[in-house]
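Look at the sequence and the model below. The report then describes one helix and its surroundings.

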Amino acid sequence: MENKEIVITKQEVNNFNNFSSMDDLLTFSSQIAKSGLSPLRKGEDVMAAILMGKELGLGTMTAVTNIYSVNGK
């Protein structure tokens with residue numbers, strides 16, 4: 001059995017936040033919601049936090065761990 005090494009380039013990391021479609025963003029958001037890394041439990045809520053974070057100049061993971069809805073706002 002051959003050992004394989006995974007190498008992630010700087011360019012790939014930079015593209016991590018560049019989703020080509022809303023479906024890609026929702027898929028990513030759903031995985032974050034399932035992971036337990038965010039207080040948000042639905043993919044749609046994580047996606048909203050990511051989009052709000054982008055408008056505020058926050059990184060993706062900063063947004064999903066620190067932005068959340070209070071009484072729907």
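The text covers confidence, then helix H3, then the nonpolar core.

This is a predicted model, in which local features need pLDDT of at least 70 and side-chain atom pairs count only at pLDDT 80 or more, while totals for chains, interfaces and linings use all residues. Residues are numbered from 1 along each chain as its sequence is written, and side-chain values use heavy atoms, without hydrogens and water.

The pLDDT (the predictor's confidence in each residue, from 0 to 100) averages 80 over the protein chain. Helices are DSSP runs of H or I with at least four residues, numbered from the N terminus. Two of them mark the extremes of confidence:

| Helix | Mean pLDDT |
|---|---|
| H1 (residues 10–14), lowest | 48 |
| H3, highest | 92 |

Helix H3 covers residues 43–56 and reaches 20 Å from its first C-alpha to its last. Gly43, Val46, Met47, Ala49, Ile50 and Gly53 of H3 are buried (under 20% relative accessible area, 1.4 Å probe, protein chains only). Seen down the axis of H3, these buried residues fall within an arc of 160 degrees (taken from the directions from the axis to the C-beta atoms), so they line one face of the helix. They pack against helix H2 (22–35) and helix H4 (60–66).

The largest nonpolar core has 12 residues, including Val46, Met47, Ala49 and Ile50. Such a core is a set of buried Ala, Val, Leu, Ile, Met, Phe, Trp, Tyr and Cys residues joined through side-chain atoms within 4.5 Å. H2, H3 and H4 each supply at least two residues of this core.

Note on methods:
The expected span of a helix is 1.5 Å times one less than its number of residues. Buried means under 20% relative accessible area, exposed over 50%, partly exposed in between (1.4 Å probe, protein chains only). Contact means heavy atoms within 4.5 Å.
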